[in-house]
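Biologist: I'm new to this one, and I'd like a close look at a single part: the place where the two chains meet. Could you walk me through it?

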Amino acid sequence: MTPCTGIPAERCVEPYLQGTLPENEARSFEEHYFDCPVCLAQVEALQIATRTLAREPLPPPRRVMAWPMRYAAAAAIAAALLLGIVGFLHLRATHSATAQPMAAQRGVMAPQPQPAPLMPQAEPPSNTLASLADLSLPAYQAEHLRGAEDSAKFTEGMSAYSRHDCPLAVKLLAKVPTEARFSAAAQFYTGVCQMHLGHREVAASRLGHIAAAGDSPQQEAALYYLGQLALAQDDAAAAKRDLSLAVSLHGDFERRARAELSALDKISESR
Amino acid sequence: MLAHDTDEPASLSHEPISDSEAMVCAIARGDADAEREFAERYLRPVRAMLLARSRNPDLAADLQQDVLLDALCALRRGQLRDATKLSAFVAAIARNLLNNYFRSQKKTEPLERPDDLPCAVFAFDTVEQDQREARVNEALADLDPLDRTILQLTLVEGLKPGAIAQRLQLSSDMVRQRKVRATRRVTDMIRGQSQTEVPGHIALGKET
């Protein structure tokens with residue numbers, strides 16, 4: 001079995017299939033995937049997808065709304081946001097009583113928002129930025145991992161994480177090789193464990209690397225938790241920046257990040 | 001101890017022999033099983049490469065056998081000196097054959113091709129290819145309609161995230177994020193399958 005995790009294909013496959021990869025790089029990539037089943041599978045998958053999608057009609061370009069409609073839409077969005085803020089504040093007030101165990105042996109490796117803090121935390125005054133900070137561990141949804149030894153180390157680490165044993169999780173996840181496919185996931189969960197243990201600077205540094213690395217299933221969550229760390233440290237500017245970036249990715253944390261941005265604005269105004 | 005001081009025969013040396021070297025030696029000896037294994041190993045990558053370069057599935061299907069048969073003939077004649085470069089050798093034959101086709105706009109039949117080449121092996125992959133197509137199409141059907149549209153504009157139209165964002169009135173970040181997710185969902189479907197059934201990475205003489 002090839003040790004490749006598919007990185008060459010992730011980097012090259014699109015320009016290669018579109019014929020825009022320089023010839024020398026195309027040759028190198030070809031010689032690689034001739035011996036690499038992981039990258040070959042990616043090439044084949046996108047070739048099949050291209051054939052299938054080419055048979056379907058292309059969507060027409062979206063039309064921009066006429067100006068009276070824009071104002072109506074803006075008003076509707078504003079109303080929805082207001083409702084969202086009210087709903088969010090109500091949710092935060094009630095959901096500490098409804099803590100659920102972190103379970104889930106299904107789905108994907110992307111972090112999911114955690115509905116309630118896992119450990120009791122001292123409640124800061126409600127009109128501070130720190131009162132908005134959600135430093136609870138995000139839920140982990142395991143996936144079936146391939147790759148024997150590396151996946152075993154990751155699985156052990158995440159098993160400790162799922163038991164909320166953050167010190168052990170940090171120790172075990174550190175053994176996941178950096179070139180492993182789930183290395184980014186290991187880094188992310190190490191970061192949130194460090195955050196949960198109160199090592200905020202180390203956590204911010206680790207999460208910052210994941211956020212800066214670009215597209216990954218953990219990028220949005222990393223930005224969201226960077227925002228939480230900034231809130232906890234009363235750094236409104238950094239919190240606003242990180243939460244806005246998380247919102248711009250339109251993923252699972254979008255709604256929560258939006259609500260926190262609104263609440264953050266309100267607190268900033270009241271100061 | 002120096003290498004030439006030992007009585008150990010070359011075949012028992014501690015230097016590991018790669019799958020490719022073993023395969024090249026076996027083909028040169030006229031081992032029919034090795035030839036079949038060679039064809040099974042390179043059929044998929046050769047087809048993927050021909051399709052990527054020609055964008056013509058019929059032509060790729062037509063030429064893939066010629067590439068493998070030409071490569072087998074060359075290996076029988078012992079034309080590959082460095083067996084570790086077997087994949088590069090096959091890829092070069094595929095590129096040459098395709099370039100010849102484009103230059104002449106017709107298939108060029110080789111002058112000398114033995115009758116006993118393993119043509120039958122080319123049928124083996126049809127079922128697996130159908131399964132791969134079904135899996136990818138299943139993944140496409142499960143995609144969010146917007147993700148599917150973004151993937152379509154990327155793969156079929158060759159548009160960059162910025163152009164797609166403009167066309168769909170979305171942010172570039174949103175397009176990029178959705179494109180990555182959609183691509184991963186599609187490739188993961190077939191990647192999982194490939195890690196369990198890769199005939200090309202089976203050592204000579206071993207079973208799956």
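Modeller: Here is a tour of the interface, followed by a look at a few residues and at chain A as a whole. Keep in mind that this is a predicted model.

Let's start with the overall numbers. On one side, 53 residues of chain A take part, and they are in contact with 59 residues of chain B. People often describe how big an interface is by the accessible area that is lost when the parts come together. Here, chains A and B bury about 5,200 Å² between them, and 54% of that is on carbon and sulfur atoms.

There is plenty of charge pairing too: the count between chain A and chain B is eleven salt bridges. One of them joins Arg181(B) to Glu220(A), with the closest N and O atoms 3.8 Å apart. If you count polar contacts instead, you get 17 residue pairs between the two chains, with both partners at pLDDT 80 or more.

So which pieces of chain A face its partner? Four helices of chain A each supply at least two residues to the side that touches chain B: α1 (7–18), α2 (23–33), α3 (37–54) and α9 (219–232). Of the elements on that side, α3(A) gives the most, with 17 residues. Sort the residues on this side of chain A by character and you get 25 nonpolar, 13 polar and 15 charged.

Now zoom in on Glu23(A), which lies in helix α2 of chain A. Setting aside residues up to four places away in sequence, Glu23(A) touches Arg53(B) and Arg95(B). With Arg53(B), the link is a polar contact between the two side chains, at 3.0 Å. Is Glu23(A) buried, exposed or something in between? Its relative accessibility is 38%, so it counts as partly exposed.

Over on chain B, have a look at Lys179(B), which sits in helix α8 (residues 172–194). Leaving out residues up to four places away in sequence, Lys179(B) touches Glu14(A) across the interface, and Ile150(B), Thr154(B) and Pro161(B) in its own chain. Lys179(B) has a relative accessible area of 12%, so it counts as buried.

Glu138(B) is another residue of chain B to find, this time in helix α5 (residues 125–142). With a relative accessible area of 44%, Glu138(B) is partly exposed. Its C-alpha atom is 8.7 Å from that of Met189(B), although the two residues are 51 residues apart along the chain.

Stepping back to chain A as a whole, its secondary structure comes to eleven helices and zero strands. Buried residues make up 48% of the 271 residues in chain A. Among its contacts with a separation of 6 or more, 61% are between residues 24 or more positions apart. Chain A exposes about 13,700 Å², with carbon and sulfur atoms supplying 58% of that.

For an example of a buried residue in chain A, try Thr190(A), which has a relative accessible area of 4%. You'll find Thr190(A) in helix α7 (residues 183–196). Apart from neighbours within four places in sequence, Thr190(A) is in contact with Val170(A), Leu173(A) and Arg206(A).

Terms used
Residues are numbered from 1 along each chain as its sequence is written. Chains are lettered from A and ligands numbered from 1 in the order in which they are written. This is a predicted model: local features need pLDDT of at least 70, side-chain atom pairs count only at pLDDT 80 or more; totals for chains, interfaces and linings use all residues. Side-chain values use heavy atoms; hydrogens and water are left out. Contact means heavy atoms within 4.5 Å. Buried area is the accessible area (1.4 Å probe) that two parts lose on being put together, summed over both. A salt bridge is a side-chain nitrogen of Lys or Arg within 4 Å of a carboxyl oxygen of Asp or Glu. A polar contact is a pair of N or O atoms within 3.5 Å; within protein, one must be able to donate a hydrogen and the other to accept it, and residues adjacent in sequence count only if both atoms are side-chain atoms. Ala, Val, Leu, Ile, Met, Phe, Trp, Tyr, Cys and Pro count as nonpolar, Asp, Glu, Lys and Arg as charged, and the others, Gly among them, as polar. Buried means under 20% relative accessible area, exposed over 50%, partly exposed in between (1.4 Å probe, protein chains only). Accessible areas come from the Shrake-Rupley method with a 1.4 Å probe; for residues, only the protein chains shown count as cover.
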